[in-house]
Amino acid sequence: MTTAKPLRVGMVGYAFMGAAHSHAWRTAPRFFDLPLQPQLTAVAGRNADAARAAADKLGWNSVETDWRRLIERDDIDLIDICTPGDTHAEIAIAALEAGKHVLCEKPLANSVEEAERMTLAAEAAAKQRIMSMCGFSYRRTPALALAKRFVEQGRLGEIRHVRAQYLQDWLSDASAPMTWRLDKSKSGSGSLGDIGAHSIDAAQWVAGQSITGVSALLETFVPERPLAGDLVGLGGHGDLSGDVPRGKVTVDDAAVFSAKFDGGAASTGAIGVFEATRYALGRKNAMRLELNGTKGSLAFDFEDMNVLSFYDAAESPDAGFRRILVTEPEHPYVGNWWPTGHGLGYEHGFTHQVVDLVTAIGEGRQPEPSFADALQVQRVLAAVEASASNSSQWQKV
Ligand code: SOE
């Protein structure tokens, strides 16, 4: 049993992200040596019975029905925010001001104004060694972390092109019901902020360059949807013929945009093409990234997440792309898991996120991505929306 000091966690929300984060808090100390020992102290949810059921299922020691109680409790050191974006700013700022570390799901907030206030609170708290991180967990997929290592080693040379797509298809069916993700007051935006934000963060992080301007197009293909619950059961997949109550979709269904990068350490900034959609029928979670440089290229597709494709111009021209199975012990994070070739999954990115967060807190370092990194993503999201609402005119970030 470890002698490390406990890190007592209070999590807000217990849906898909709450389940993924709970798995990570439980698993990280069992596969990685951490300077602090995470404890699943309390989970907060408005509905007492549902929160109690979630606590039992996900392994939390106690339940609160108001997140403010988590912040008041002196037996909680870190607040983990797994709620829709409309609550991130209020919870994160209150937690930081109360001296609690914060892990906040992506995107950081629903507006640049909120993200700026969160970043100010995070920077003030960091002076007291109270740390914060935004949950762009794809950075912790070993193949993407290896891609970042290749770029840093100069193996691609100067980056000329960034090509990022995040393709899902769960809204292709027009009778799929309304969810909070389709309500701007809750989610802030649709595909753009929910999955496009992952692409923006991963592209900037792997390329080592920041986006400085965009030209964008947003589209909402299905403007109204049946309200969820028992109504969806009518006539199989929702009986659209009847007069079932329907809700207005107030966010984008899909986003496409071009981008200019600042070049980072290079002389000329890369140019990028981005796409985020929930209508790419047949694509389930195809978070893809390709970089073309002057000395090499790399390509990643989350639907084949243990593989990184790499083209090295120094090899013979007919060598083509190499398929690297990212399961060797020297690859990022992999050495703590299984023997070569056994592969990892979606949940491992969240476990690695906890490992890096807890290690940084234990060492008194700023975890990455910081709220400031996430604010840059928020600025890109806002620029995309501004461009799209202004006949796709070029918009500086
Ligand atoms: C839905 O689009 C979703 O659950 C996103 O919210 C997550 O961030 C992504 O990892 C998987 O898809």
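In this predicted model, the axes of helix 8 (residues 191–207) and helix 10 approach to within 10 Å and cross at roughly 125°. Helix 8 is therefore oblique to helix 10, and the crossing of the two is right-handed. On the helix 8 side, the contact is formed by Leu192, Gly193, Ala197, Ile200, Asp201 and Gln204; on the helix 10 side, the participants are Gln376, Val377, Val380, Leu381, Val384 and Glu385. Sorted by class, the contact of helix 8 with helix 10 comprises 7 nonpolar, 3 polar and 2 charged residues.

Helix 10 (371–388) also packs against helix 5 (112–126). The angle between helix 5 and helix 10 is about 170°, and their axes lie 9 Å apart. Angles over 145 degrees count as roughly antiparallel, and helix 5 and helix 10 are therefore assigned to that class. From helix 5, the residues Val112, Ala115, Glu116, Met118, Thr119, Ala122 and Glu123 meet Phe371, Ala372, Leu375, Gln378, Arg379 and Ala382 of helix 10. The contact of helix 5 with helix 10 contains 8 nonpolar, 2 polar and 3 charged residues.

A further pairing involves helix 1 (residues 16–31) and helix 9 (residues 346–363), whose axes come within 8 Å and cross at roughly 60°. Helix 1 is therefore oblique to helix 9. The crossing of helix 1 and helix 9 is right-handed. Helix 1 contributes Phe16, Met17, Ala20, His21, His23, Ala24, Trp25, Thr27 and Ala28 to this contact, while helix 9 contributes Tyr346, Glu347, Phe350, Thr351, Gln353, Val354, Val355, Leu357 and Val358. Of the residues in the contact of helix 1 with helix 9, 12 are nonpolar, 5 are polar and 1 is charged.

The geometry of these pairs is set out below.

| Helix pair | Axis distance | Angle |
|---|---|---|
| Helix 8 and helix 10 | within 10 Å | roughly 125° |
| Helix 5 and helix 10 | 9 Å | about 170° |
| Helix 1 and helix 9 | within 8 Å | roughly 60° |

The domain assignment divides the protein chain into domain 1 (5–137) and domain 2 (141–388). Taken over C-alpha atoms, the centres of domain 1 and domain 2 are separated by 23 Å. Contact between them involves 49 residues of domain 1 and 48 residues of domain 2. The size of an interface is often expressed as the accessible area lost when the parts come together. Between domain 1 and domain 2, the buried area is about 4100 Å², and carbon and sulfur atoms give 72% of it. Phe32, Met133 and Phe136 supply 19% of the area that domain 1 buries against domain 2, more than any other three residues.

Several backbone features remain to be described. Most residues other than glycine have a negative phi, and most peptide bonds are trans. The peptide bond from lysine 106 to proline 107 is cis, with omega near -15°. Proline 107 lies in the loop between strand 5 (101–104) and helix 5. The peptide bond from glutamate 368 to proline 369 is likewise cis, with omega near 0°, and proline 369 is located in the loop between helix 9 and helix 10. Arginine 129, a residue other than glycine, has a positive phi, near 60°. This arginine 129 occurs in the loop that joins helix 5 and strand 6 (132–134).

Terms used. Residues numbered from 1 in each chain as written. Predicted model: local features only at pLDDT ≥ 70, side-chain atom pairs only at ≥ 80, totals over all residues. Heavy atoms only, no water. Axes fitted to C-alpha atoms, helices over the stretch in contact; angles between N-to-C directions. Helix = DSSP H or I, 4+ residues; strand = E, 2+ residues; numbered from the N terminus. Parallel < 35°, antiparallel > 145°, perpendicular 65-115°, else oblique. Left-handed = near helix turned anticlockwise from the far one by under 90°. Contact = heavy atoms within 4.5 Å. Nonpolar A, V, L, I, M, F, W, Y, C, P; charged D, E, K, R; others polar. Domains from an automatic or database assignment. Buried area = accessible area lost by both parts, 1.4 Å probe.
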